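This report is meant for someone meeting the structure for the first time. It goes through the chains in turn, then one helix, then the core.

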Amino acid sequence: METGRTTRIVLYAYGVLAICFLYLPLVSVGFASVSQARYLSFPIRRYTIEWYGEALDSHTVSSLLTTSFTIAVIVTVISLVVGFFGALAFARYQWRYRNLFQKFILLPIFFPQAVLGLALLIWFNSVGIIPSWKTAIVAHLVWISPITTLIIAIRAYAFDASLEEAARDMGASTWTVLKEVTFPLLLPGVVAAGLFAFLLSWGNFPLSLFTTGVDSTLPEWLYAKMVSGYSPLVPTLGMLSVLASLAILFAAFLVLILAKSFKQARGTE
Amino acid sequence: MEGLDRKLGVFSALPIFIVLAITFLAPLFVVAAFSIMPAKVFSLANVPDFSAYATFLQQGYWKSLAWSLGMAFASTLLLFIVCWPLAYGMAKVFGKFTLVVTIAVVVSLFVSENIRLFGWVLTLMKGGLIAGYLEAWFGVEMESPLYTVPIIVFGLVYVYFPFMLFPLAQGIAMVPDDARQAAADLGASRWRILWEIDLPLAAPGIVVGSLLSFVLAAGALAESKLLGGQAVIVFADEIETAFTYGQNWPLGSALSMVLILIVGSLAIVGVSKIDLDAIMGRKR
């Protein structure tokens with residue numbers, strides 16, 4: 001059924017508006033981060049980038065960045081490994097409890113993260129583990145490993161199982177099949193999942209809130225400052241966190257494009 | 001091949017199953033166990049009683065539960081109305097623009113929700129982006145809408161927008177164009193098509209999106225703390241207080257269990273409605 005011209009225009013306008021709306025708060029944060037005044041009020045009269053200098057010089061900030069980064073890297077590695085195999089169990093292999101397994105993987109995504117964080121805190125305490133940035137890794141995995149599994153599974157659904165069978169018929173062992181056929185075929189999914197895992201862990205707030213003990217991640221530190229009163233460092237660090245995510249996204253796209261052109265160049269040789 | 005498949009399936013499911021057993025099942029189990037312990041103990045080696053649940057009923061905690069569930073319901077309803085046209089556009093009209101919307105929405109998810117909510121505080125506060133420029137350019141003074149109940153609902157709608165949008169778009173994509181065309185040919189009005197074709201056929205997406213937004217909003221904390229000030233104490237806030245300032249783990253656990261039971265049963269309904277093989281495109 002053809003949608004009328006007016007309806008189409010209205011829908012497109014609505015889409016653009018929704019995107020603007022989604023990013024409006026970040027515009028405010030961006031402005032606030034370059035305002036010179038210690039007490040923010042719009043319109044901004046004097047602009048400065050001194051807060052960025054101060055933030056980057058600060059010892060607290062560099063330790064926050066290190067903590068967040070370390071957690072995100074370890075979470076990415078673990079969630080990719082379990083997600084890779086999980087995706088095969090999810091989409092590729094026909095086994096008895098596959099359906100149940102699929103639903104089980106989805107369940108943590110349907111749970112409020114703050115409540116999960118508190119439950120994890122009690123669980124750590126009751127077995128005598130003192131929460132630190134290491135326990136935050138465990139906490140992030142509850143939400144991020146199902147997501148990597150799902151993303152890699154999308155790829156695993158699309159792939160042709162007969163390729164694996166052919167390799168096996170020619171005498172390849174299960175391990176060789178995995179290494180030489182399955183992994184390369186799923187690689188794009190693994191890269192996308194890794195990107196998601198890193199960025200979602202980097203920006204995660206509700207799971208970190210209760211599970212980092214005396215350590216603090218960047219979003220968590222920002223939250224503590226937000227509820228205790230305004231500091232010009234809050235929008236600045238918020239912006240830095242966003243810019244770091246954007247830089248990683250951009251780098252990933254660049255690598256993707258380079259890899260593609262490299263492949264094409266090899267193909268034409 | 002069948003036997004091998006079966007074995008490999010179990011083996012590859014094992015790592016993530018172990019991870020989720022440690023990070024998901026074990027904490028839920030511990031919370032359930034603590035919830036039946038007597039007040040203010042820190043070990044599970046006590047004679048169980050159900051006093052924490054009695055406290056939940058007697059001390060008015062149900063009020064914050066009602067607030068949380070009420071606001072979650074309101075935000076889910078609003079999300080459905082707000083997301084429907086956009087989801088429809090994404091599924092049926094936009095073509096390439098769908099990719100743009102998808103990327104824009106997904107990228108926004110990579111920014112911590114507290115930074116985005118803080119951005120709304122800066123946008124809406126007295127002397128904030130909107131009020132400040134309105135006054136500077138037009139001389140109009142605006143009351144700040146912050147620290148009220150509606151603004152918390154607004155925050156929930158904002159944060160959980162993607163969780164309604166994507167399932168809804170998926171649901172609408174499953175409505176066959178032929179059915180809509182046939183209804184239109186037979187003279188059905190636009191509203192009738194919406195009511196009798198689109199809504200019922202997109203139902204799986206609607207159910208999943210609604211359950212997901214409701215469940216996440218019911219346990220939300222940051223929206224009420226950052227945007228709502230002290231306008232209302234949400235249930236997740238009570239749980240946090242019981243665990244931290246109150247140092248009463250059994251009470252915190254009992255409160256968590258109440259929420260977990262509500263959320264968990266809805267989640268199980270939601271999850272069982274999703275046919276993953278169909279959505280994610282199995283081709284065999």
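## Chain B: helices and extent

Helices here are DSSP runs of H or I with at least four residues, strands are DSSP runs of E with at least two, and both are numbered from the N terminus. Counted in this way, chain B has 14 helices and zero strands. Its pattern along the sequence is α-α-α-α-α-α-α-α-α-α-α-α-α-α. The model is a predicted one.

Taken along the principal axes, the C-alpha atoms of chain B fill a box of roughly 75 × 70 × 35 Å. Chain B has 284 residues, and 44% of them count as buried. Among the contacts in chain B with a separation of 6 or more, 74% join residues 24 or more positions apart.

## Chain A: helices and extent

Chain A comes to 11 helices and zero strands. Read along the sequence, the pattern is α-α-α-α-α-α-α-α-α-α-α.

The C-alpha trace of chain A spans about 70 × 65 × 45 Å along its principal axes. Of its 269 residues, 46% are counted as buried. Residues 24 or more positions apart make up 76% of the contacts in chain A that have a separation of 6 or more.

## Helix α5 of chain B

How far apart are the end C-alpha atoms of helix α5 (residues 113-124) of chain B? They are 16 Å apart, which agrees with the expected span, because 12 residues at 1.5 Å a residue should also give 16 Å. The expected span takes 1.5 Å times one less than the number of residues.

Is α5(B) mostly covered or mostly uncovered? It is mostly covered, with 12 of its 12 residues buried. Those buried include the charged-letter positions B:E113 and B:R116, together with B:N114, B:I115, B:L117 and B:F118. Further along α5(B), B:G119, B:W120, B:V121, B:L122, B:T123 and B:L124 are buried as well.

## The largest nonpolar core

The largest nonpolar core holds 164 residues. Which residues have the most contacts inside this core? They are A:V115, A:I122, B:A87 and B:Y160. Helix α7 (residues 149-173) of chain B supplies the largest share of the core, 16 residues.

A:V115 can be followed further. Leaving aside neighbours within four places in sequence, A:V115 is in contact with B:G219, B:A236 and B:I239, and also with B:S256, B:L259 and B:I260.

How values were computed. Residues are numbered from 1 along each chain as its sequence is written. Chains are lettered from A and ligands numbered from 1 in the order in which they are written. This is a predicted model: local features need pLDDT of at least 70, side-chain atom pairs count only at pLDDT 80 or more; totals for chains, interfaces and linings use all residues. A residue is buried if 20 or more other C-beta atoms lie within 10 Å of its own, exposed if 12 or fewer, and partly exposed in between; C-beta atoms are placed from the backbone. Two residues are in contact if their C-beta atoms, placed from the backbone, lie within 7 Å. A nonpolar core is a set of buried Ala, Val, Leu, Ile, Met, Phe, Trp, Tyr and Cys residues joined through C-beta atoms within 7 Å.
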